[in-house]
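Got the viewer open? Here is a walk through the model, one selection at a time.

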Amino acid sequence: MRSTSEAPATEPQPVLSLADREAGGSDPTARLEGGSPGAVEVHDLGHSFGELGVIELLELSVSAGEVLGVVGPSGCGKSTLLELVGGLRAPVRGAIEVDGAGAANERLARCSYMPQRDLLLPWLTAIDNAALAPRNRGATRAEARRLAHPLFERFGLAGFERSRPSELSGGMRQRIAFLRTLLAGKPVLLLDEPFASLDAITRAEMQEWLAEALAAESHTAILVTHDVEEALYLSDRVAVLSPRPARLIAELRAPSPRALPRLDAVTSAGFTATRERALAALARGRR
Ligand SMILES: Nc1ncnc2c1ncn2[C@@H]1O[C@H](COP(=O)(O)OP(=O)(O)OP(=O)(O)O)[C@@H](O)[C@H]1O
Ligand SMILES: [Mg+2]
């Protein structure tokens with residue numbers, strides 16, 4: 001693993017820059033629906049904004065095809081961690097590898113980032129928002145739409161292809177943002193609080209939907225959330241972070257297979273016990 005002391009690849013920007021940087025070679029339709037999953041290694045990571053220490057001595061490992069949930073209190077450095085992994089920021093210290101690559105621009109090319117807000121482009125239709133990455137890789141509008149179209153059916157969005165974001169519900173917007181992330185075709189998905197802005201019922205529905213989407217295809221993903229239940233339900237393993245500066249204070253294996261219906265999964269004895277352990281770790285971290 002090499003040191004990551006190089007200059008930042010770019011200032012953090014919406015998903016477009018990260019999802020769309022890779023040229024994709026001569027075939028614009030290559031690797032559009034989830035590249036083969038890659039591992040992520042974070043070693044001795046430290047970051048600060050001026051005097052503000054945000055991440056300290058962080059070690060994380062995500063295997064190819066694994067979903068790692070990351071929970072921690074608000075402001076502890078979760079979004080910053082994703083920006084560092086995705087090559088949008090250069091860490092003050094430490095090393096990060098994504099799919100075997102350590103340089104920021106190489107990590108940028110290997111990660112697809114779904115930011116905390118959906119950041120759909122209001123002047124584009126739903127399908128053109130979803131198909132932004134293939135378009136930016138050189139596909140014609142018709143080609144890009146052809147790639148996105150079948151996913152609208154699968155993601156419960158059929159019939160809304162031509163709607164503008166302002167005509168869609170919050171849950172639909174989040175699904176399109178996720179679809180756009182998926183269509184970037186990168187080995188690693190970085191998902192930052194994908195459902196934070198939704199009401200509890202829609203959020204539970206979206207969690208079930210994402211569990212199915214993650215189970216249907218193999219993806220390496222880092223899923224940031226402050227919701228322990230969401231992290232345990234959607235992930236293979238959950239890393240619990242301390243308040244800022246974020247340190248790893250516990251790692252828990254998620255108890256139930258994601259394929260279970262949500263209510264059955266989250267009410268099982270194993271799930272409840274693991275949730276208690278995660279909450280206890282969070283509470284200990286605050287002291
Ligand atoms: N560009 C920046 N410049 C200066 N400080 C920043 C910057 N981005 C984040 N911070 C600070 O770093 C800390 C961590 O922020 P970050 O967004 O990573 O937290 P978070 O864990 O994602 O929080 P939340 O759960 O509320 O989304 C916060 O104190 C924030 O004020
Ligand atoms: Mg955040």
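Before we start clicking, one term: two strands pair if DSSP finds at least two bridges between them. Keep that in mind for the first stop, and remember throughout that this is a predicted model.

**Stop 1: strand 6.** Select residues 188-192, which make up strand 6. Color by burial and 5 of the 5 residues come up buried, so the strand is largely enclosed by the rest of the structure. Spin it around and you'll find both faces covered: Val188, Leu190 and Asp192 lie on one side, with Leu189 and Leu191 on the other.

Now add the neighbors. Strand 5 (residues 111-114) pairs with strand 6 in the parallel sense, over 4 bridges. Pick out Ser112 and look across to strand 6: the residue opposite is Leu189. Next, bring in strand 7 (residues 220-225), which pairs with strand 6 in the parallel sense too, over 5 bridges. Here, click Leu191 and then its bridge partner in strand 7, Leu223.

**Stop 2: the core.** Which residues have the most contacts inside the largest nonpolar core? Select Val85, Ala148, Leu190 and Ile222; the core they belong to has 75 residues. Helix 7 (residues 170-183) gives the most to this core, with 7 residues. Stay on Ala148 for a moment: leaving aside neighbors within four places in sequence, Ala148 is in contact with Ile127, Ala130, Ala131, Leu179 and Leu183.

**Stop 3: ligand 1.** Center on ligand 1 and show its shell of 14 residues, where the closest are Phe49, Ser74, Lys78, Ser79 and Thr80. Color the shell by class and you get 4 nonpolar, 8 polar and 2 charged residues. Strand 2 (52-62) and helix 2 each supply at least two residues of the shell, and helix 2 gives the most, with 3.

**Stop 4: Pro91.** Follow the chain past helix 2 (78-85) into the loop that leads to strand 4 (93-98), and you'll come to Pro91. Buried or exposed? Pro91 counts as buried, because it has 26 C-beta neighbors inside 10 Å and the cut-off for buried is 20 or more. Try a distance to Ser48: the two are 43 residues apart in sequence, yet 8.1 Å apart in space, C-alpha to C-alpha.

**Stop 5: backbone oddities.** Start with Asp44 in strand 1 (residues 40-49). Asp44 has a positive phi of about 55 degrees although it is not a glycine, and it is partly exposed, with 15 other C-beta atoms within 10 Å. Then jump to Asp99, in the loop between strand 4 and helix 3 (104-110). Asp99 also shows a positive phi of about 55 degrees without being a glycine, but this residue counts as buried, with 21 C-beta neighbors inside 10 Å. Finally, select Arg244 and Pro245, which are joined by a cis peptide bond with omega about -5 degrees. Pro245 is in the loop between strand 8 (237-241) and strand 9 (248-253).

**Last stop: zoom out.** The whole protein has 11 helices and 9 strands, and of its 287 residues, 45% count as buried. Switch to confidence coloring: the mean pLDDT is 85, and 87% of the residues reach 70 or more. Over residues 1-34, though, the pLDDT is below 50, even if this stretch has 88 contacts in the model beyond near neighbors in sequence. Where pLDDT is low, the predicted coordinates should not be read in detail.

How values were computed. Residues are numbered from 1 along each chain as its sequence is written. Chains are lettered from A and ligands numbered from 1 in the order in which they are written. This is a predicted model: local features need pLDDT of at least 70, side-chain atom pairs count only at pLDDT 80 or more; totals for chains, interfaces and linings use all residues. A residue is buried if 20 or more other C-beta atoms lie within 10 Å of its own, exposed if 12 or fewer, and partly exposed in between; C-beta atoms are placed from the backbone. A residue is near a molecule or strand if its C-beta atom, placed from the backbone, lies within 6 Å of it. Ala, Val, Leu, Ile, Met, Phe, Trp, Tyr, Cys and Pro count as nonpolar, Asp, Glu, Lys and Arg as charged, and the others, Gly among them, as polar. pLDDT is the predictor's confidence in each residue, from 0 to 100. Two residues are in contact if their C-beta atoms, placed from the backbone, lie within 7 Å. A nonpolar core is a set of buried Ala, Val, Leu, Ile, Met, Phe, Trp, Tyr and Cys residues joined through C-beta atoms within 7 Å.
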